[in-house]
Amino acid sequence: MTELFFDSYPRFYETSLTRRLPNRLHQRWRKIIVQNKAALEGARVLDLACHDGRWSFAALKAGAAYVEGVEGRQELVDSANENFESYGISKDAYRFSQGDVVDFLTTETNRKFDVILNLGFFYHTLKHLEIIERMAQFGAHTFIFDTAVDLSKGNIISIELEAVSDPRNAIDHLDASRKMVPVGRISRSALALMLNSVGYDCIELDWHTDVDDFSECRTYENRKRGTFIATRR
Ligand SMILES: C[S@@+](CC[C@H](N)C(=O)[O-])C[C@H]1O[C@@H](n2cnc3c(N)ncnc32)[C@H](O)[C@@H]1O
């Protein structure tokens, strides 16, 4: 039986407000972390919409020097801090703050990050271009995106409303007590186009070459979701 990375850190199974899906987390870990180990080693990492700190944690374990997460929901920031403390991570190695991703990217412009994680978030926003343009200001050599996509061949963002009450979803960044907010799913070519426009080349990691167990990962299997690596030119 394969040893799953998060089996050694089971708090993340409990503090996640997404469904408990061990194989999905494990396969994502292989794509997001293991295949990017060289980029993460020694890096200062920014984790956008960091949830309970799971990917910041995995990045540190893969050799990152420092991780910083921003997350819209305070209870998840609390969980991230508790998880790191519980697993004995030095306080110098991380920081989590509550806030809107775009606000963070707009105000923390004097910061330097080598790798920016944009995981499970890019279909919970309608500010795709603004986020990519602002991510590019931090001087990072690598962005890692993991996102649901629109399957259109053209440069498309398909817009829908989603419920703020689900902790996996968008926050109401206007603080206007809205129940539903507009979000958009970007197509593969639109994602590449926007990244190219700020000087990054984009490749998609192929889940079909090495994932042998797609249980809990059907959206990756049918390409409705993908993992993308953008590298500064
Ligand atoms: C589907 S979860 C993904 C969590 C994690 N990054 C992952 O890939 O497993 C989306 C996360 O984005 C957060 N979020 C949504 N909109 C946000 C915003 N505008 N600013 C900060 N966090 C946001 C949610 O609270 C939730 O934790």
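This is a short chat about two helix pairs and a ligand site in a predicted model.

Reader: What should I know about the model and its numbering before I start?
Author: It is predicted: local features need pLDDT of at least 70, side-chain atom pairs count only at pLDDT 80 or more, and totals for chains, interfaces and linings use all residues. Residues are numbered from 1 along each chain as its sequence is written, and side-chain values use heavy atoms, with hydrogens and water left out.

Reader: At what angle do H2 and H4 pack?
Author: About 50°, with axes 11 Å apart. H2 covers residues 22-32 and H4 covers residues 54-61. Helices are DSSP runs of H or I, at least four residues. Axes are lines fitted to C-alpha atoms over the stretch in contact, and angles run from 0 to 180 degrees between N-to-C directions.

Reader: Why are H2 and H4 called oblique?
Author: Under 35 degrees is roughly parallel, over 145 roughly antiparallel and 65 to 115 roughly perpendicular; the rest is oblique. H2 and H4 are therefore oblique to each other.

Reader: Which residues meet there?
Author: Leu25, Arg28, Trp29 and Ile32 in H2 meet Arg54, Trp55 and Ala58 in H4. Contact means heavy atoms within 4.5 Å.

Reader: New topic. How many residues surround the ligand?
Author: There are 21, each with a heavy atom within 4 Å. His51, Arg54, Glu71, Arg73 and Asp100 are the closest.

Reader: Which ligand atom does Asp100 approach?
Author: A nitrogen atom, 2.7 Å from a side-chain N or O atom of Asp100. For Arg73, a polar side-chain atom lies 2.7 Å from a ligand oxygen atom.

Reader: And where do H7 and H8 cross?
Author: H7 is residues 128-135 and H8 is residues 188-197. Their axes come within 9 Å and cross at roughly 35°. His128, Leu129 and Ile132 in H7 meet Leu191, Met194, Leu195 and Ser197 in H8.

Definitions and conventions. Helices (H or I, at least four residues) and strands (E, at least two) are DSSP runs, numbered from the N terminus. A polar contact is a pair of N or O atoms within 3.5 Å; within protein, one must be able to donate a hydrogen and the other to accept it, and residues adjacent in sequence count only if both atoms are side-chain atoms.
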